[in-house]
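Biologist: I would be grateful for a close look at a single part of this model, namely its largest nonpolar core. Please set that part in the context of the rest of the chain.

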Amino acid sequence: MEGSAFVLYNSNMRTTAPAPAIRVYNLFGESGDLPDVVHCETIASRSVLHDWNLAVHRHARLHQVLLIERGGGEATLDGRMVPLRPMQIVNVPVGHVHGFRFVPGTQGWVLTIAAEILDEALLASEGLRGVLSRSAVVRGTPQIRTTMKQIFAEHAARDFGRAHVLRALSAAMIGLVARAFTSERGSNGAAESGLFRRFEMLLEQHYLERWSVADYAGALSVTPTHLNRLTRAATGDTASHLILNRLIREARRNLVYTNLPVSTIAYTLGFEDPAYFSRVYTAATGLSPRAFRARLHGGED
């Protein structure tokens, strides 16, 4: 959901003034549509204009992949602070809140892909969408670097067939990025099974509807017991915990990045009783939503 309820930014400043909105951009600082099938630029070309600091923002319809070649810095990915080092990839899915603070002089590239291009390239049967739906930083590969340089060169040129070549190279890039993610996570055959990938996709589609384990099992034409065996083999966790964790991650995102009352967040996430939401959040994280917010902002309530 991209409505105004999700885009109020909760500043760390102690002030009674309304918090500014989390900016929703296409390319950072731009409100117009993506001007090409894909976009590729150096990290420096945009970062230097903002003193190497890109404040937290989100892209409504764009997926980004960054490759750090030299330098580094720090990324903010849905409230997590992640250090950036040479030859690392940053995956930023559509809609995820993120920001960057680069070391001056950092070199690398930013590939931006329209959601429509991803929809064409990502077949449900192949399971890439579930892997790429997570914001993450992982180690890059020489093949990824080579492909990124090819995309950058093709984007800068105006040769015949350019759009087709850019789409093909971008499809190759997201496949290589997904491969790097699964390799680093040590995914096994069970984790990569088609059924588990289908569960992941359904979870992204229906977690706000508060589907139960039985609902997901029914959609997958398996029993709840079988679904739990599958998720335990894939992740070591039960289906119910994966469902809860997805809700908690969305709740945490809103507590970090918005000034919404806890009760509004609860209703947005499908809870009929805010007090029950608070109990669920406390049991899952060890802190109540209000306590988490107070700690985040140095005791501010």
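**The largest nonpolar core and its surroundings**

Modeller: The largest nonpolar core has 34 residues, and those that touch the most other members are Phe199, Tyr216, Leu227 and Phe277. Two or more residues each are given to this core by α6, α7 (213–220), α8 (224–235), α9 (239–257), α10 (262–268) and α11 (274–285). The largest share, nine residues, comes from α9. The structure is a predicted model, and the mean pLDDT of the chain is 82, with 82% of the residues at 70 or more.

Leu227 shows how these parts meet. Beyond its neighbours within four places in sequence, Leu227 is in contact with Phe199, Val213, Tyr216, Ala217, Leu220, Val222 and Ala239. Two of these partners, Phe199 and Tyr216, are themselves among the residues that touch the most other core members.

Phe199 belongs to the buried residues of α6, which are Leu195, Phe196, Arg197, Phe199, Glu200, Met201, Leu202, Leu203 and His206. The list includes charged residues such as Arg197 and Glu200. As for the geometry of this helix, α6 covers residues 194–206, and its 13 residues should span 18 Å at 1.5 Å a residue; the end C-alpha atoms are 18 Å apart, which agrees with that expectation.

Some caution applies just before α6. Over residues 187–192 the pLDDT is below 50, although the model gives this stretch eleven contacts beyond near neighbours in sequence. The pLDDT also stays under 50 over residues 1–20, where the model has 49 contacts beyond four places in sequence. Where pLDDT is low, the predicted coordinates should not be read in detail.

A second, separate core has 31 residues, including Val38, Cys40, Leu111 and Leu176. Strand β2, residues 38–42, is mostly covered, with four of its five residues buried. Its partner is strand β9, residues 107–114, which runs antiparallel to β2 and is joined to it by five bridges. Within this pair, His39 stands opposite Thr112 of β9.

A further buried site lies in strand β7, residues 88–92, which contains Gln88. Gln88 counts as buried because its relative accessible area is 14%, under the 20% cut-off. A polar atom of the Gln88 side chain lies 2.7 Å from the backbone nitrogen of Arg85. Not counting residues up to four places away in sequence, Gln88 touches Leu66, Leu67, Ile68, Pro83, Val137, Val138, Arg139 and Gly140.

Definitions and conventions: Residues numbered from 1 in each chain as written. Predicted model: local features only at pLDDT ≥ 70, side-chain atom pairs only at ≥ 80, totals over all residues. Heavy atoms only, no water. Buried < 20%, exposed > 50% of the residue type's maximum accessible area, 1.4 Å probe, protein only. Polar contact = N/O pair within 3.5 Å; in protein donor to acceptor, adjacent residues only side chain to side chain. Contact = heavy atoms within 4.5 Å. Expected span 1.5 Å × (residues − 1). Pairing = 2+ DSSP bridges. pLDDT = per-residue confidence, 0-100. Core = buried A, V, L, I, M, F, W, Y, C linked by side-chain atoms within 4.5 Å.
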